[in-house]
Amino acid sequence: MKVLVIGGGGREHALAWKLAQCERVQTVFVAPGNGGTAADPALHNVPITDVVELADFAIAEKVALTVVGPEAPLAAGVVDLFRARGLRIFGPTQAAAQLESSKAYAKDFMQRHGIPTALYATFTDAQAAHAHVDEHGAPIVIKADGLAAGKGVVVAETLAQAHQAIDDMLGIHGPGTQPSRGAARVVIEEFMTGEEASFIVVCDGRNVLTLATSQDHKRIFDGDLGPNTGGMGAYSPAPVVTPNVHARVMQEIIHPTIAGMAKDGAPFTGFLYAGLMIDEQGRPRTVEFNCRLGDPEAEVILMRLKSDLFELLMRATDGTLDQAELQWDRRIALGVVMAAHGYPATPRKGDVISALPRSTPELQVFHAGTTLADGVLATSGGRVLCVTALGDSVRQAQQLALDAVRQVRFDGAQWRNDIGHRAIKH
């Protein structure tokens with residue numbers, strides 16, 4: 001069997017790495033891939049990003065299964081296109097992907113179906129948005145409606161930050177983010193307190209199978225300080241998701257979401273990622289939905305998955321997930337992201353990566369923003385690598401990952417030394 005993974009980040013490297021280990025998989029293509037997938041003899045990079053060309057390629061190569069990594073092709077309707085051409089593809093349709101591609105759609109959906117989330121209001125008019133912020137005060141959360149690659153959210157600690165975010169997102173002082181439909185919109189939400197966790201499930205439109213829990217670390221500096229990023233590291237499992245919290249999330253959030261999407265005429269297939277805020281009483285609320293595996297959560301979750309990923313995704317595309325169960329490594333997986341100089345505001349590209357640790361069954365270096373040209377590996381994005389280790393405890397996994405991080409060589413590298421700190425405190 002041949003498999004195609006669409007995307008070029010750390011999540012896609014992890015997916016391709018896992019799929020290449022599957023018994024029935026003979027070839028894994030990654031489009032467009034990165035320096036890490038180029039260097040791996042088990043993987044084959046394909047320099048295509050256009051969705052029509054990708055479908056042509058899948059037909060020409062007789063690809064048995066396509067797996068979509070990032071959100072942009074999902075929002076562009078790649079699943080609809082592949083299905084229309086008789087191709088098997090794992091991911092949500094364009095209509096279902098609105099759960100991620102439009103913050104306003106997602107909030108309205110949650111309100112309609114009684115799914116717990118923060119109170120919110122949506123604005124296209126800057127004056128009305130500013131007035132709302134003045135009325136409700138800070139801290140407050142401002143979100144751009146539309147795809148913003150994990151960067152369209154500002155947790156404003158002060159009114160000044162909130163007003164600035166509104167102006168930036170509505171394009172008053174610049175281009176703003178890409179609006180999902182027509183005019184730029186912002187969603188303004190109450191600030192929720194608690195501990196965050198990533199709750200990711202596999203869906204076939206009807207049935208749901210939960211993946212291992214995980215926790216991401218969004219802020220750039222140790223101690224959860226500094227600006228938000230796409231994610232500086234993660235670990236799995238997340239102790240904050242107790243068996244009681246797990247049951248509540250399934251009952252109050254996941255099942256109503258899958259039932260609601262089917263009822264609304266957009267059955268959800270693919271990875272559904274609920275970003276949660278869990279308060280001190282163990283009550284979960286939805287921060288946001290993503291329609292894909294998280295990154296860097298994918299790296300730690302797939303490191304622990306012992307089951308055959310290809311067979312799982314074939315079942316998910318057949319609608320027979322109720323016949324599947326998953327086996328997990330009992331150990332902790334912890335991944336430390338190494339970011340480029342200047343990340344997140346102005347990441348520098350082109351720094352040569354001159355040393356990497358050797359991969360072992362307990363240690364994998366997943367590439368995100370790298371290129372390989374004429375045998376030279378170099379940085380090509382904000383998040384460069386995710387160094388991921390398995391250990392018997394969070395502290396041990398953290399130590400193994402950090403020891404490996406210190407073996408990596410590229411100018412301006414930045415990383416956090418405290419990934420997993422909440423679990424170490426637990």
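**Legends to the close-up views**

**View 1. Helix H8 passes helix H9 in a right-handed crossing.** A crossing is right-handed if the near helix is turned clockwise from the far one by less than a right angle, and left-handed if anticlockwise. The model shown is predicted, so local features are given at pLDDT of at least 70 and side-chain atom pairs at pLDDT 80 or more, whereas totals for chains, interfaces and linings use all residues. Residues are numbered from 1 along each chain as its sequence is written, and side-chain values use heavy atoms, without hydrogens or water. H8 spans residues 126–136 and H9 residues 159–169, and their axes come within 10 Å and cross at roughly 160 degrees (lines fitted to C-alpha atoms over the stretch in contact, with angles from 0 to 180 degrees between N-to-C directions). H8 and H9 are therefore roughly antiparallel to each other (over 145 degrees; under 35 is roughly parallel, 65 to 115 roughly perpendicular, the rest oblique). Helices (H or I, at least four residues) and strands (E, at least two) are DSSP runs numbered from the N terminus. Ala 162 belongs to H9 and, at 0% relative accessibility, counts as buried (under 20% relative accessible area; exposed is over 50%, partly exposed in between, with a 1.4 Å probe and protein chains only). The C-alpha atom of Ala 162 is separated by 46 Å from that of Asp 56, a residue 106 positions apart from it along the chain.

**View 2. Helices H1 and H11 cross in a left-handed sense.** The axes of H1 (residues 10–20) and H11 (residues 297–304) come within 8 Å, and the angle between them is roughly 15 degrees. H1 is therefore roughly parallel to H11.

**View 3. Asp 56 and Arg 85 form a salt bridge between their side chains, at 2.7 Å from N to O.** Because Asp 56 sits in helix H3 (residues 51–60), while Arg 85 sits in the loop between helix H5 (78–84) and strand S5 (89–90), the pair ties together parts that are 29 residues apart in sequence. Asp 56 is partly exposed, with a relative accessible area of 37%, and Arg 85 is also classed as partly exposed, at 34%. This salt bridge (a side-chain nitrogen of Lys or Arg within 4 Å of a carboxyl oxygen of Asp or Glu) belongs to a structure that holds 23 salt bridges.

**View 4. A network of salt bridges links Asp 224, Arg 416, Asp 418 and Arg 422.** The side chains of Arg 416 and Asp 224 meet at 2.9 Å, N to O. Arg 416 lies in the loop between helix H13 (394–405) and helix H14 (421–425) and Asp 224 in the loop between strand S13 (219–221) and strand S14 (225–228), so the pair ties together parts that are 192 residues apart in sequence. Arg 416 has a relative accessibility of 0% and counts as buried, whereas Asp 224, at 22%, counts as partly exposed. Arg 416 also forms a salt bridge with Asp 418, again at 2.9 Å from N to O, and both of these residues are buried.

**View 5. Glu 195 is buried yet has no salt bridge.** Glu 195 is found in strand S10, which spans residues 195–204. The nearest side chain of opposite charge, that of Arg 422, is 4.3 Å away from Glu 195 (Lys and Arg count as positive and Asp and Glu as negative, with His and the chain ends not counted). Arg 422 itself is one of the residues in the salt-bridge network of the preceding view.

**View 6. Asp 224 and Asp 374 have positive phi values, near 55 degrees for Asp 224 and about 50 degrees for Asp 374.** Most residues other than glycine have a negative phi, and most peptide bonds are trans. Asp 374 is placed in the loop between strand S20 (370–373) and strand S21 (376–379), and with a relative accessible area of 81% it is exposed.

**View 7. Cis peptide bonds precede Pro 139 and Pro 344.** The bond from Ala 138 to Pro 139 has omega near 0 degrees, and Pro 139 is in the loop between H8 and strand S7 (140–144). For the bond that joins Tyr 343 and Pro 344, omega is about 10 degrees, and Pro 344 lies in the loop between strand S18 (332–339) and strand S19 (363–367).
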